[in-house]
Amino acid sequence: MVSDDAFRRSARPPRWTLLLVGVVALQAKAQPASSPDPEPAPATAAPEPSTTPRQKLAAVVLTSGSRIKRDNFSSAAPLQVLTTEDAALAGYSSTTQLLQGTAVTGGQGQVNNAFGGVATEGGPGANTLGLRGFAPTRSLVLLNGRRLSPSGTRGSVGAVDLNVLPTSIVDRIEVLKDGPSPIYGSDAVAGVVNVITKQKFTGIRADVSTSRPVDGGGNAHNFSLAAGVSSDRSRFLAAYNYNAITSLTLAQRDWTACNTDYRRTSVNGVVGDWGSADTLDPLTGKSKCYPITGTGANGVTINTIGTSLLTGVPAAGATGTRFNRWRPNSAISTGLVGFEGVGGGTTTNSIRDTFEPRMLNRTLISPVRNHNVFAQGEWDLGSARGAELYYELLLNRRESSQVGYRQQLVDYLKGSPLIPAVLAGSTFSGPVNTSSGQSVGVRAFIGLGNEVSRQTVDFVRTTVGVGGALTTARSWDYDLSWTHATSRGAYEQREFLTDRTSNSLNVKATGSGFACVNTSAIGCVPAPSLTSAVVAGQVPQAWLDYVWQTIFGLTKYQEDIVTASFTGPLFRLPHGDLKMAFGAEFRKNRIDDTPSVEAQNDNLVFPSAMPTRGSDQATDVFAEFDVPLLKGLPLAQELTANASTRYANYRSYGQNTTYKVSLIWVPATGISLRGTHGTSYRAPALFEQFLGATTGFLTSPNDPCNRWDDPSKAGTPRAVNCASEGLRPGFQATDGISTVNAGGRAAGLKAETSTNASWGIVLRPPLPAGWGSLSLSMDRFDLVVDNGVSRVGPLSILQRCYDDPQFRQGGGFCRLVSPRNPVSNALTVNDNYINVATSTARGFDYTGRLEANLGAGQLQLGLTLTEYRSQASKLFAEDALEDKNGNIGMPKWSGQLDASYAQASWKAYYGLEWIGKTSSYAYYREDPATSRFKLSTPSYFLHTVSLTYSSPQRDWKATLGVRNLRDQKPPEISSGFVNRVGNAPLYSGYDYLGRRIFLNLSKTI
């Protein structure tokens, strides 16, 4: 486990991170005294009321959703504007946290630092953003209006890692929850996030912040130093940001200390308390901690051996006399001497040992450090047309790690001298990859303790460009830019090598002990004899050092983008200028993930991985027209149409044309109606096309045919299908389920298309003098994606296959499940990238905003709500749409309320974040009144309060606050359905850190 002290000691920034800031800082101090703007007034207004963080209602020029300049009140698409200044009031410590907050995501789950033990796009430690419930590869992230490239580790790099974004130098964030693919190209399916940095800053500013949970762990530390200089013809700005989150382990929260099944008894309509149906641990008399009963149970078999069926003494809670799973017990003197039966026959898996205290050292929140440098500058070239040369530089190093727990299966060969005489007659299985072609006599399930995986990702992005006017009249503007981005991610972890493990198990007895049979295996260390101590995890360090090796991988991603755009008026119409923007864009990207040689050569006991290598390029041509139809007329104070189109030519997937039309109508003062309709075309990301085959596994309790003959399953399609495979009554899988993930291009993966429509109304009723301003809006969204590229998930594949009445004869999901191994009956699931027939997201966004003078100060209220009416998908065209709206992790409702009151140098803030209640009872056809499973969550509320003081000179500021004021814990659900942390769903909308105090300090000179 990585301690906080070790974490802080290793958090020294690379030297290059301070060099650039130092140079600009020296220049800033050398500048003549001017009127510094320590608190630049951010341009933060939006076409509708904002959410937390708040915004002013002054008009600004928007840069998202169109290449034609416009003020904020003429946007036809729903647009949300966030400011980092107000984000600090809500306790967000980074741009990443702000973007993954409820106001932006609408309650949809995101990949954050709680996903360190889950296979995710970008690898462990990456933080990504997906809008409208779609994968991150369908949401485009921009930095100052230009694409931000993917980064991360392992083969599935395809989305922007939010860790690379700067924090202190960000001015505002514009979130366009619409499908502007004709404007921005592929990826902009569900929406666009445009992070805009401060453009005018003179002086030096330092910011320090910390956030510390009261229960310990998960501390966040931030430091930034920014410096800017400007003159009549140039402007330069540079900033260094350091952001760190320390480790939070399962042991540091009471709600993760004992993961249980959290089920209840239900007999003839009479139900018990939650937990009453949990398996009682015979050793404690309480609900078993970290069992292995199914998805979300999170335990693993340890301190156990597997044999053929043998006669012996049952352990407490076990039934029968013949077992194939045993636990060491020196008190047993009959049957299988020295062992008690814990599995096989009619005994459930939960009797086995599945938990020990070192499991709680696993990370709940993965530690991460980010060193970030951002610099930008502009030079006026002195031409009559106002040409400017500009550049941007972004450097980021992410260092992240995760602590896991290692269960290792050690297969002792049949007849090996390492097996005690009492077990000499056992035959556990036929040959496996570590048994040198021989049968396995005994398998030991050993808990070896904790292991650490680490990632270091260096991201570099440079942009250079020139822009100005095409004519001296400055009616037409041009912009030419080139962006080059590279990501280099190194990753490491410890794995058992197949050849070394095989050599160590193939031994012969010598006068002094044992020796490896393979004399050519230099340095071979014989495996330890099978004893109770070894089964309990006490293995010789010399053997571990020989078979358990650190392996390394390297992921490279590179992208080049060249863009040319031109914008200006074409000619005058009766009600204004018809404006046009047009241009072209060329994009080229490539990925190269090289796993360790051992992984490529299938020399890992588990898992294996092949390289992911591929490239693609696209050439796009786009045009946009803005047409003022009516203006200044009765019932038509404004009527403006906008149309855009893009022609895309992909080297991989050919040609396609997309379009978007929008309309904004202002019939009277204070009311606006708006609507959009468009299409998109997305070629699969490189990893979706070229991902090298990677193996994984599910534990044996996930086999859908376990106890298929249970009377409660009689006559069901699953029971019939399992019987058709020749499985014996009472079958329980003894081998895990192998999963294989790979890219889908070779199998005919298609590009995906979509339609995106929205319409809405914005109300700004005039209020009496002195009452302030009020804005309300409602927008309907309707997004339909066809041939969406996705992986279904091995559990879903197995469930849908074995519950299909036509089973393997019907194709469907069973096409992704290989026939069972004829010897072990083990399953293999091919969870490759495929095309999902249809996915939909439909619903409403509601926002409200009030600003009013109250007493001697100013009151600001902001409210945002998202209501989903549908979140549905189907895999095959002939299937019915399966709507999961309102299920666990997919709430129908979410919202955020913020209120502040500012007077003189003080500002008080209150924030409320809400995730609506969820229920999966209908989806799983369970009656909530009598079900044995907890498949619902109540509404979830988080409260935040803070107080800010700004000095009268506005040169320093301090904010002190409490986030999660009531220390709200995540809700509990039963195991067997979705991934969990403790008994809570693995879902970013719930707070795992608990109540925490935050302090932000800033100083400007």
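In this predicted model, a disulfide connects Cys 801 and Cys 814, with an S to S distance of 2.0 Å. The count of disulfides comes to 4, and they follow the pattern 1-2, 3-4, 5-6, 7-8 when bonded cysteines are counted along the chain. Below you will also find an open sheet, some long strand pairings, a helix that is largely enclosed and a nonpolar patch on the surface.

**Disulfides**

- The Cys 801 and Cys 814 link is right-handed, with 105° about its S-S bond. This pair links distant parts of the chain, 13 residues apart: Cys 801 belongs to helix α13 (residues 794-802), while Cys 814 is in the loop between α13 and β34 (828-830).
- Cys 801 counts as buried, at 1% relative accessibility, and Cys 814 is buried too, at 6%.
- Another disulfide joins Cys 705 to Cys 722, with the sulfur atoms 1.9 Å apart. Its torsion about the S-S bond is about -90°, so this one is left-handed.
- Cys 705 sits in the loop between β30 (694-698) and α12 (717-724), and Cys 722 sits in helix α12 itself, so the bond ties together parts that are 17 residues apart in sequence. Both Cys 705 and Cys 722 are buried.
- Cys 516 and Cys 524 are also bonded, S to S 2.0 Å. Here the torsion is about -80°, so the disulfide is left-handed.
- Cys 516 has 9% relative accessibility and counts as buried; Cys 524, with a relative accessible area of 16%, is buried as well.

**Strands and sheets**

- An open sheet is formed by 5 strands in the order β3-β6-β7-β4-β5, with mixed pairing. At its edges stand β3 (79-83) and β5 (146-147), each with a single partner strand, so one side of each has no neighbour in the sheet.
- Inside that order, β6 (residues 170-176) and β7 (residues 191-197) run antiparallel and are joined by 6 bridges. Arg 172 is opposite Ile 196 of β7.
- Strand β21 (residues 477-496) pairs with β20 (residues 440-469) in the antiparallel sense, over 16 bridges. In this pairing Val 466 stands opposite Leu 480 in β21.
- β21 is also joined to strand β24 (residues 548-573), again antiparallel, by 20 bridges. Tyr 491 faces Gly 553 of β24 there.
- As a reminder, strands of a sheet pair through backbone hydrogen bonds, either parallel or antiparallel.

**An enclosed helix**

- Helix α7 (residues 498-505) has 6 of its 8 residues buried, so the rest of the structure largely encloses it.
- Those buried residues are Thr 498, Thr 501, Ser 502, Asn 503, Ser 504 and Leu 505.
- What surrounds them? The buried residues of α7 pack against β19 (388-413), β21, β22 (507-510), β23 (513-516) and α9 (541-547).

**A nonpolar surface patch**

- Val 208, Val 214, Phe 223, Leu 960, Ile 997, Leu 999 and Leu 1001 make up a nonpolar patch on the surface, with about 560 Å² of accessible area together.
- Which strand gives the most to this patch? That is β46 (residues 996-1004), with 3 residues.
- Val 214 lies in the loop between β8 (203-213) and β9 (220-230). Its relative accessible area is 44%, so Val 214 is partly exposed.

Terms used: Residues are numbered from 1 along each chain as its sequence is written. This is a predicted model: local features need pLDDT of at least 70, side-chain atom pairs count only at pLDDT 80 or more; totals for chains, interfaces and linings use all residues. Side-chain values use heavy atoms; hydrogens and water are left out. Two strands pair if DSSP finds at least two bridges between them. Helices (H or I, at least four residues) and strands (E, at least two) are DSSP runs, numbered from the N terminus. Patches are made of residues with over 30% relative accessible area and no salt bridge: like charges are joined within 9 Å, nonpolar side chains (Val, Leu, Ile, Met, Phe, Trp, Tyr) within 5 Å. Accessible areas come from the Shrake-Rupley method with a 1.4 Å probe; for residues, only the protein chains shown count as cover. A salt bridge is a side-chain nitrogen of Lys or Arg within 4 Å of a carboxyl oxygen of Asp or Glu. Buried means under 20% relative accessible area, exposed over 50%, partly exposed in between (1.4 Å probe, protein chains only). Contact means heavy atoms within 4.5 Å. A disulfide is a pair of cysteine sulfur atoms within 2.5 Å.
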